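Trainee: Could you take me closely through one part of this model, the way its helices pack, and set that part in the context of the rest?

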Amino acid sequence: MNIIQELFGKSPFGPLVEHTKKVHECVEVIRPLMEALVNEDYDEIHRLQDRVSRLEYEADTIKHNVRDHLPRRYFMPVDRVDLERFISNQDTIADKAQDFAVILTLRKTKLHPAVMDKFFGFVDQIFQVTGTLLTAAVELNNLAEASFSGAEAKVVLSLLKGLGEEEWKADRMARSLSKDVYSLEKELDPITIIFYEKMILTLGAIANAAENAGDMLRIMILK
Amino acid sequence: MDIIIIATIALLGLYMAWNIGANDVANSMADAVGSRALSVKQAVIAAGICEFSGAVLVGSHVTDTVRKGIVDPAALASLPNLLQGEAAALFIIGMSAALLAAALWLNLATWTGMPVSTTHSIVGAVAGFGIVAAGIGAVNWGKMGQIVASWFISPVAGGITAFIIFKIISKLILGQEQPARAAVKVTPYIVFFLFMVVTLATIYKGLTHVIKGVEWLTDMNTFLIALGISALATFVSKVFVKRKLSGKESLPLAQQLESVEEVYVPFVIISSCAVAFAHGANDVANSVGPLAAVANILKTGTVGMKVPVPLWILMLGGGGIVLGLATFGYKVMDTVGTKITEITPSRGVAADIAATATVLVCTRLKLPISTTHVLVGAIMGIGLARGLTGIDSRIAKKIFKSWLITVPAAAIVCIVLFLLGRAFLLDFVRQLVLAARIA
């Protein structure tokens, strides 16, 4: 009816925060998956895989919802390209978390006690990285309210600074973990080693995507 | 039998006023409804009161015969080979055609949801009549140039002002580490500015016409009165904001921002009411100006440049606006309220202050600008300051196009109506005019 109200696009930031939260829920399944692997509870792994795949689907639905709010003609306080890259990196996090669950369902693998502690340490570090991203990204609504400037922007930017460091740490842990895995080549069959390597690469990809998402968030603020 | 003419034109004026109420008023309250400061019902009532009082109290009691002097009536009277009373009859038909054309155009705009300017509709219609009745030369093209310029000036001026005001609010309050504390410090200054603009606009918009012959109401004294009122409002707001926000400095940032927005609710109501008031004062003449002009012709028999507007005509105009608001504007306001959810009270105040200030300055400079255009520009300005989460640029372009098309469209409709009226009604109206003069 009245065109002035049509002038206002619906805010993408509310659904975007929802997306971030949902993606993080996907990541939260990784630790229970690892525990099930240690306990060799393969039924539990299948249950968890179902859960993460449902969560990933829900995250996808929210992502489409966000993209619906971003037609080309919208004039936004942040760059659309940065925003889309941010979403697609978050999307990658959810995808990789699902991949991780799928890998565990492919084969009944056992976790070697020699790498167990390091593996869990690495998983916790991944969780640290995505957690930092979550803390920064849920501020998007407040950032919009403060027009992406001032104290609120500073808080988020300093959070994101920490993110790079956390990812770097995760990288180093991945390398050291890989070394440990290969040092077991006499004891383990090659397929298991390939399997471990797959797990490590997938987890590393999660940390990587989280860092990239954080970079996009920073660019969005600094626009 | 002048009653027939008066009644006909009064009806047309009422139709025009109805359209103003239906199309325009929802826009003036958009910021208040959109930011949820007022419910739709409250906004309709507030807008009704503000528009009516603006129209009746401050609506200009003296109006140019032809809005904004776009056509020189003398050019009509000096046409060669006119029968007795023909100039007056042509003028009456022309004014009726202009009113009907502008109202029809507005009705179409309301129907399709375009926020066009009522002022520009009537100006375009009258210009159309002037061209056909008295030739191209009868139209004041300098004035027309100003109107064309205003298509660019009003949104740009409104946009820049809103951009600056929002940047200030954002920098000094929302961007601070403790927005609640910053708001206590800064808000009184913003309130001072808001009240300065509102009181100055109210007085300049024509309060001087109401209290006629009051010599002391000079620019200097007006300024002093505004200063006094603003100082008082500043003091009250200081107490209010302090009471509302004290102790909230230690809350999390998100909650502080929320409480700051809550504090701005009464201000966005006041500023929106000011926009509605100014709108009523400014735009009522669009509907009743031609009516007043015709009433004067019938009374004096001559076509003058300026005519008085009797109170009953202003009441009719104000009533028509309220009627339009109550019957149709209600619906528009409802959609505005449910759809514009992205504007918060702080943004609403910034847009309203910018709109009122820009209209005030341009009125002082005698530029014919439209409140609607300025408001749309102000909203865009806040978007540029990264204050809004998304603006549909396609709609913005559509709005701009509807502005460009208003003047020619109203002119063409008016030309058609005038030619029809002249072909079929000229003799009839001339007889009525002559009869009125003898009586």
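Mentor: Chain B holds 16 helices and 3 strands, and of its 439 residues 59% are buried. Among the contacts in chain B with a separation of 6 or more, 89% join residues that stand 24 or more positions apart. Please keep in mind throughout that this is a predicted model.

The part of chain B to look at closely is the pairing of helix α6 (residues 86-112) with helix α12 (residues 265-300), whose axes come within 10 Å and cross at roughly 165°. Because that angle is over 145 degrees, α6(B) and α12(B) are roughly antiparallel to each other, and their crossing is left-handed. On the side of α6(B), the residues that take part are Ala88(B), Phe91(B), Ile92(B), Met95(B), Ala98(B) and Leu99(B), and they meet Pro290(B), Ala293(B), Val294(B) and Ile297(B) in α12(B). The numbering of such a list can be read with a general rule in mind: an α-helix has 3.6 residues a turn, so residues three or four places apart point the same way.

Elsewhere in chain B, Ile4(B) lies in helix α1 (residues 2-23). Ile4(B) is exposed, because 12 other C-beta atoms lie within 10 Å and a count of 12 or fewer is what exposed requires. Ile4(B) and Val429(B) are separated by 425 residues in sequence, yet in space they are 9.8 Å apart from C-alpha to C-alpha.

Chain A offers a pairing to set beside that of α6(B) and α12(B). The axes of α2(A) and helix α6 (residues 113-137) of chain A come within 10 Å and cross at roughly 165°, which makes α2(A) roughly antiparallel to α6(A). Here too the crossing, in which α2(A) passes α6(A), is left-handed. The contacts bring Val17(A), Thr20(A), His24(A) and Val27(A) of α2(A) to Phe127(A), Thr130(A), Leu134(A) and Ala137(A) of α6(A).

Helix α4 (residues 42-68) of chain A can be checked for its length, since its 27 residues should span 39 Å at 1.5 Å a residue, and the distance of 39 Å between its end C-alpha atoms agrees with this. The buried residues of α4(A) include Ile45(A), Leu48(A), Val52(A), Leu55(A), Ala59(A), Ile62(A) and Val66(A), and also Gln49(A), Glu56(A) and Lys63(A). Those buried residues pack against α2 (13-28), α3 and α5 (80-106) of chain A.

The loop between α7 (140-145) and α8 (150-183) of chain A, where Ser147(A) is placed, also deserves a careful look at its backbone. Most residues other than glycine have a negative phi, and most peptide bonds are trans. Ser147(A), however, has a positive phi near 45°, and Phe148(A), found in that loop between α7 and α8 of chain A, has a positive phi near 55°. Ser147(A) counts as buried because 24 C-beta neighbours lie inside 10 Å, and Phe148(A) counts as buried with 21.

As for confidence, the mean pLDDT of chain A is 89, with 94% of its residues at 70 or more. Among the elements of chain A, helix α3 (residues 30-38) has the highest mean pLDDT, 94, and helix α1 (residues 3-6) the lowest, 60. Where pLDDT is low, the predicted coordinates should not be read in detail.

Methods. Residues are numbered from 1 along each chain as its sequence is written. Chains are lettered from A and ligands numbered from 1 in the order in which they are written. This is a predicted model: local features need pLDDT of at least 70, side-chain atom pairs count only at pLDDT 80 or more; totals for chains, interfaces and linings use all residues. pLDDT is the predictor's confidence in each residue, from 0 to 100. Helices (H or I, at least four residues) and strands (E, at least two) are DSSP runs, numbered from the N terminus. A residue is buried if 20 or more other C-beta atoms lie within 10 Å of its own, exposed if 12 or fewer, and partly exposed in between; C-beta atoms are placed from the backbone. The expected span of a helix is 1.5 Å times one less than its number of residues. Two residues are in contact if their C-beta atoms, placed from the backbone, lie within 7 Å. Axes are lines fitted to C-alpha atoms, for helices over the stretch in contact, and angles run from 0 to 180 degrees between N-to-C directions. Angles under 35 degrees count as roughly parallel, over 145 as roughly antiparallel, 65 to 115 as roughly perpendicular and the rest as oblique. A crossing is left-handed if the near helix is turned anticlockwise from the far one by less than a right angle, and right-handed if clockwise.
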